[in-house]
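Reader: Please take me slowly through one part of this model and then show me what surrounds it. I am in my first year, and short explanations of the terms would help.

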Amino acid sequence: MNLYAKDFGEPNNFSIPFSEIVKKVKNGDILSFENEEYHFYKDFSERREIHMSNTDSLRNPNKYFAMLIENLEDITIDGNGAVFVIHGDICALGILNCKNITLKNFTIKYFSPSVVEMKVQRIHKKTAVFSLAKNTFFNAYDKTVEFYEKSPFSDRIYWNYKNDENSYNQVVHIDGNVFRVSNEKGVFHNVKKIRALNQNEIEITYSSKPKLIEGAVYAITQNKNRNTSGVFVNESIGVKAKNLNVNYLQGFGWLSQMCGDISFEECNFVPEEDRNVSSFADLIHISSCKGKVEIKKCVFNHSHDDAINIHGVFLRFKEKLDSKSAVFEFVHDQQGGYRAFHTGNKVKFYYRDSLEALLGDYTIKQAIDYIDGKSVSLTFEEELPENIGAVYDSQNNIVAENITYCPDVEISECKFSAIPTRGILCTTSGRVRIWGNSFSKIFMSHIFISNDADEWYESGPVRDMEIYSNTFIKDFDEKYEKSESPVIRIKPITLGGKIKAAVHRNIKIFSNNFENKKAYPITAEGVENIGIYSNVYKGKAKTKLKHYTTQIN
């Protein structure tokens with residue numbers, strides 16, 4: 001059955017009407033919008049206590065969703081050209097415990113993104129004038145400017161911060177180049193006085209002449225606090241996104257967590273006109289998913305972190321309970337709070353100091369989660385390895401990976417540009433094919449293959465990967481910042497930092513065009529059977545292979 005948005009309410013405040021529609025939706029229905037702007041406000045949004053991987057979720061357990069669908073199957077949301085405008089620092093769309101959901105033909109944008117864009121209009125002696133992106137609200141006084149967004153209904157503050165508080169760094173956008181700078185090189189260093197010139201301009205006087213780039217946009221954000229993701233898909237199977245425009249994502253990115261069979265086709269992750277930032281952090285993030293991840297004919301640019309990141313999660317051994325049971329813990333600050341294992345899932349154990357696998361797979365009989373403790377008690381069908389409690393350098397040396405949630409991946413015919421970090425990160429033991437893509441103005445490596453048991457604990461030893469028919473252009477303008485990263489980088493991260501054995505195997509890199517200037521086209525460590533052939537290089541052709549890396553023709 002077709003359900004029409006126009007029958008449920010006016011588009012100028014569609015938060016409550018959307019909740020009413022969802023109550024009436026039945027499996028197999030199509031929800032159709034019209035080619036209009038629909039506005040969603042934090043005041044009227046659905047709230048859930050739920051946790052999201054790779055965010056500061058444990059500090060922000062309560063999430064707000066502009067649009068939320070739960071426990072549904074075979075649903076299509078057809079925007080027919082609609083624009084969904086989000087008001088507040090909330091998740092635009094949540095899909096929880098669903099199956100076969102199709103999203104198509106709409107745009108997501110935020111009315112007042114919490115990443116504030118400040119363009120350097122002019123500098124004269126010790127004074128700089130900045131113009132602000134539209135719908136940027138602020139109060140300027142003394143040495144401080146407070147940015148905010150508030151409710152038009154209640155004057156409730158949705159979000160606010162002063163200067164660059166709660167920020168690791170700023171991000172500079174100029175001439176298609178995007179890169180991070182420390183706050184000491186940013187807008188609010190050595191400030192003497194701040195005053196508003198009008199609703200769209202700020203004048204800052206410094207104690208010395210500022211070393212800012214005239215004409216550049218300095219983006220300010222609270223990136224120490226990823227309070228949510230922009231789109232969140234959890235424990236769902238068969239979610240398809242087609243012909244979407246995503247202009248901005250709050251808090252993190254489009255996060256799929258513990259899902260299966262995810263696809264994106266002809267989706268544009270680009271900022272709206274007159275803005276420069278498309279995401280608070282990543283664009284597409286796939287954490288611990290299974291089945292197949294397919295991303296094709298998409299465009300990615302101007303995010304504040306990686307365009308695509310696909311990985312599993314390592315949990316570290318904490319305590320043995322009996323011969324078949326043990327407690328494992330999430331380690332990184334931005335991990336934990338969600339179910340990472342289900343009955344019947346297969347688990348493999350690895351040594352952190354080498355990332356070598358222990359023999360055998362283990363089947364979960366029972367998983368008991370301790371959300372507040374960031375841990376889970378796992379009982380297996382089999383006896384635990386005798387050395388499950390192994391220690392290296394005074395740290396527990398065994399991690400567990402849920403190998404049931406290691407997807408096959410195909411990324412094809414996509415365009416990546418203006419990224420301050422990496423284009424693609426992909427660590428999974430599934431079948432991976434990355435082909436027909438183009439990369440330019442990527443500050444760090446265009447493709448990064450890691451597997452990390454010491455920092456982010458993002459897992460995934462590669463077993464079958466082909467990278468072919470791509471164009472890599474290393475054209476970041478080094479008059480702004482120096483970019484020395486190799487184009488393709490393969491580097492596992494172990495406890496102790498040493499590669500002691502091959503971690504990945506069976507990687508082929510062929511028929512690619514590299515315009516890499518002085519940068520290495522490829523560096524690799526810890527790979528068994530890496531094939532590099534039939535590539536064309538315009539720049540340095542030498543690859544750098546070391547530490548248990550063996551090459552095949």
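Author: Let's begin with strand 27, which gives the most to the lining of the largest pocket: three residues. Strands (E, at least two residues) and helices (H or I, at least four) are DSSP runs numbered from the N terminus. On a 1 Å grid over the protein atoms alone, a pocket is an open set of points with protein on both sides within 12 Å along at least five of seven lines, a cavity is a set where a 1.4 Å probe fits but cannot get out, and lining residues have an atom within 4 Å of a point. As you look, remember that this is a predicted model, in which local features need pLDDT of at least 70, side-chain atom pairs count only at pLDDT 80 or more, and totals for chains, interfaces and linings use all residues. Residues are numbered from 1 along each chain as its sequence is written, and side-chain values use heavy atoms, without hydrogens and water.

The largest pocket has a volume of about 680 Å³, a volume being the space filled by probe spheres set on grid points joined across faces, edges and corners. Its lining takes in 38 residues, and those closest to the centre are Arg180, Arg226, Asp305, Arg422 and Trp456. Besides strand 27, strand 14 (169-174) and strand 37 (424-426) also supply at least two residues each to this lining. By class, the lining of the largest pocket holds 14 charged, 14 polar and 10 nonpolar residues. Here Asp, Glu, Lys and Arg are charged, Ala, Val, Leu, Ile, Met, Phe, Trp, Tyr, Cys and Pro are nonpolar, and the others, Gly among them, are polar.

Now find Arg180 and Asp305, two of the residues closest to the centre of this pocket. Their side chains meet in a salt bridge, 3.4 Å from N to O; the term stands for a Lys or Arg side-chain nitrogen within 4 Å of an Asp or Glu carboxyl oxygen. Arg180 belongs to strand 15, while Asp305 sits in the loop between strand 26 (299-301) and strand 27 (308-322), so the pair ties together parts that are 125 residues apart in sequence. Asp305 is buried, with a relative accessible area of 10%, whereas Arg180 counts as partly exposed at 32%. Buried means under 20%, exposed over 50% and partly exposed in between (1.4 Å probe, protein chains only).

Strand 15 leads us from the pocket to a sheet. Seven strands form this open sheet, in the order 15-14-18-9-10-17-16, with antiparallel pairing; strands pair if DSSP finds at least two bridges between them. Strand 15 (177-182) lies at one edge and strand 16 (191-198) is the other edge strand, each pairing on one side only. Strand 14, which you met in the pocket lining, comes next to strand 15 in the sheet order. Further along, strand 9 (residues 116-124) and strand 18 (residues 217-220) pair in the antiparallel sense over four bridges. Within that pairing, Val116 stands opposite Ile220 in strand 18.

Let's return to strand 27, as it appears again around an enclosed space. The structure holds three cavities of 30 Å³ or more, and the largest cavity has a volume of about 60 Å³. Strand 27 gives the most to its lining too, with three residues. Strand 34 (398-402) likewise gives two or more residues to the lining of the largest cavity. Among the residues around this cavity are Gly312, Val313, Leu315, Glu401 and Asn402. The classes here are five nonpolar, four polar and one charged.

For comparison, look at the second largest pocket, with about 340 Å³ of space. Eighteen residues would be a long list to trace, but you can start with Glu184, Lys185, Gly186, Lys211 and Leu212, which lie nearest the centre of this pocket. The lining of the second largest pocket has nine nonpolar, four polar and five charged residues.

Finally, the bridge between Arg180 and Asp305 has company, as the count comes to 27 salt bridges. One of them joins Lys6 and Glu34, whose closest N and O atoms are 3.8 Å apart. In another, Glu20 meets Lys23 at 3.2 Å, N to O; these two are three residues apart in helix 1, separated by about one helical turn. Lys23 is exposed at 63%, while Glu20 is partly exposed at 32%. Salt bridges also link Glu37, Lys109, Lys134, Glu272 and Arg275 in a network.
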